[in-house]
Amino acid sequence: EVRGQGDPNTTDFFGVAVQEMQHLGTVNRLLVELGAQPNMMPQDLPYEPDIYPFEFALEPMTPQSLAKYVYCEAPASAFDRAKASSPEDKLFLARMDRVLGPIKRPNHVGSFYNVVIDTLGEVEAMAQSGVALPHAIDFKRWKKELVDLKNEGEFGHYVFFKDVFMGTHKGFKERKNVWDLAPTHAHYPSVNVPRNPTAYVGHKGHIADPNALNLAWLGNLHYWTVLSLLTHAFTHNAPKLVVQAKTHMMGPLSSIARYLPTIGAAVPFDQLSMGYTMGTNKACTRFMFTRLLGETMALEKRMEGKLPPDYASTVAAGTLAEVASM
């Protein structure tokens with residue numbers, strides 16, 4: 001119940017992840033409407049841009065890692081001690097202080113969206129002053145969408161992360177103090193996977209076990225396919241490719257992501273250094289997708305019998321057929 005199954009919601013991890021992908025879609029559609037390229041380039045992990053109050057990493061779920069997300073998704077008022085009147089609120093603030101240290105960090109996700117909304121207002125003022133924009137933009141609609149995204153984080157996501165952090169999420173079945181259990185205990189809420197793993201051999205933290213390494217590389221291939229499909233779909237308004245991207249995410253990539261921790265590894269989400277704009281024109285793009293998907297299918301064939309039991313081995317072939325008719 002804490003992990004979830006994949007429907008967009010604010011009550012489990014998978015649901016929150018799906019909603020974040022929806023947010024990614026919203027801001028990329030806005031970028032394209034403004035005349036810019038979609039942006040699917042993740043930053044290196046760990047990283048600490050100015051907008052974020054913490055260094056983030058791909059790491060196991062712990063009270064420490066959860067506390068970062070609780071803080072970032074929270075409305076600024078959540079840490080106003082003058083308003084913490086109930087014993088529960090005081091316990092929450094004391095626990096956050098204990099895990100993160102005294103909280104004097106300035107940024108929350110809401111502050112980031114405020115900057116985006118204010119910047120869109122500047123673009124609107126430019127348009128009203130006579131500056132020609134690439135497309136006609138419904139500023140009122142876009143501002144509402146951005147406010148909705150901000151609210152979804154500051155309320156639903158914040159409450160979810162807080163419930164998991166405090167051990168009060170309904171998925172814990174009223175077990176008390178789950179975070180006080182030993183990490184090896186059957187009821188401890190997470191699996192101890194490596195921090196910032198990579199499938200690039202020779203890099204720091206590369207996955208050593210050959211089978212896990214191959215599965216992680218296969219996960220990368222699906223991840224790169226997803227980001228490339230979305231880049232092309234948003235650039236050229238191709239909704240069928242968004243559907244294919246979702247099929248990779250919810251099918252083989254999800255299967256690998258759930259399986260790898262059972263053998264002591266995790267999906268690394270490595271970057272593809274060439275980026276996710278596949279070609280200079282549609283013919284080149286088809287060719288590049290054909291090569292990427294061909295590599296995926298070849299690795300699937302080599303790993304036959306070693307793939308997760310629920311791995312959907314027909315997805316890459318289905319996307320190849322969709323790309324061929326693009």
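In the predicted model, helix H1 passes helix H5 in a left-handed crossing. H1 spans residues 13–33 and H5 spans residues 139–166. Their axes lie 11 Å apart and the packing angle is about 160 degrees. Angles over 145 degrees count as roughly antiparallel, and H1 and H5 are therefore roughly antiparallel to each other. On the H1 side, the contact is made by Phe-13, Val-16, Gln-19, Glu-20, His-23, Thr-26, Val-27, Arg-29, Leu-30 and Glu-33. On the H5 side, the contributing residues are Arg-141, Trp-142, Glu-145, Leu-146, Leu-149, Glu-152, His-157, Phe-160, Phe-161 and Val-164. By class, the residues of the contact of H1 with H5 divide into 10 nonpolar, 4 polar and 6 charged.

Gln-22 also lies in helix H1. The relative accessibility of Gln-22 is 40%, so this residue counts as partly exposed. In sequence, Gln-22 is separated from Val-243 by 221 residues. The C-alpha to C-alpha distance between Gln-22 and Val-243 is 13 Å.

A second helix pair is formed by H2 and H3, the latter covering residues 87–100. The axes of H2 and H3 come within 10 Å and cross at roughly 120 degrees. This angle falls outside the range of 65 to 115 degrees that counts as roughly perpendicular and is not over 145 degrees; H2 and H3 are therefore oblique to each other. The crossing of H2 and H3 is left-handed. H2 contributes Pro-63, Gln-64, Ala-67, Lys-68, Val-70 and Tyr-71 to the contact, and H3 contributes Phe-92, Met-96, Val-99 and Leu-100. Of the residues in the contact of H2 with H3, 8 are nonpolar, 1 is polar and 1 is charged.

Ser-65 is located in helix H2, which comprises residues 63–73. With a relative accessibility of 6%, Ser-65 counts as buried, because the cut-off for a buried residue is under 20%. A polar atom of the Ser-65 side chain lies 3.0 Å from the backbone oxygen of Pro-60. When residues up to four places away in sequence are left out, Ser-65 touches Glu-59 and Pro-60. Pro-60 thus appears both among the residues touched by Ser-65 and as the residue whose backbone oxygen lies 3.0 Å from a polar atom of the Ser-65 side chain.

How values were computed
Residues are numbered from 1 along each chain as its sequence is written. This is a predicted model: local features need pLDDT of at least 70, side-chain atom pairs count only at pLDDT 80 or more; totals for chains, interfaces and linings use all residues. Side-chain values use heavy atoms; hydrogens and water are left out. Helices (H or I, at least four residues) and strands (E, at least two) are DSSP runs, numbered from the N terminus. Buried means under 20% relative accessible area, exposed over 50%, partly exposed in between (1.4 Å probe, protein chains only). A polar contact is a pair of N or O atoms within 3.5 Å; within protein, one must be able to donate a hydrogen and the other to accept it, and residues adjacent in sequence count only if both atoms are side-chain atoms. Contact means heavy atoms within 4.5 Å. Axes are lines fitted to C-alpha atoms, for helices over the stretch in contact, and angles run from 0 to 180 degrees between N-to-C directions. Angles under 35 degrees count as roughly parallel, over 145 as roughly antiparallel, 65 to 115 as roughly perpendicular and the rest as oblique. A crossing is left-handed if the near helix is turned anticlockwise from the far one by less than a right angle, and right-handed if clockwise. Ala, Val, Leu, Ile, Met, Phe, Trp, Tyr, Cys and Pro count as nonpolar, Asp, Glu, Lys and Arg as charged, and the others, Gly among them, as polar.
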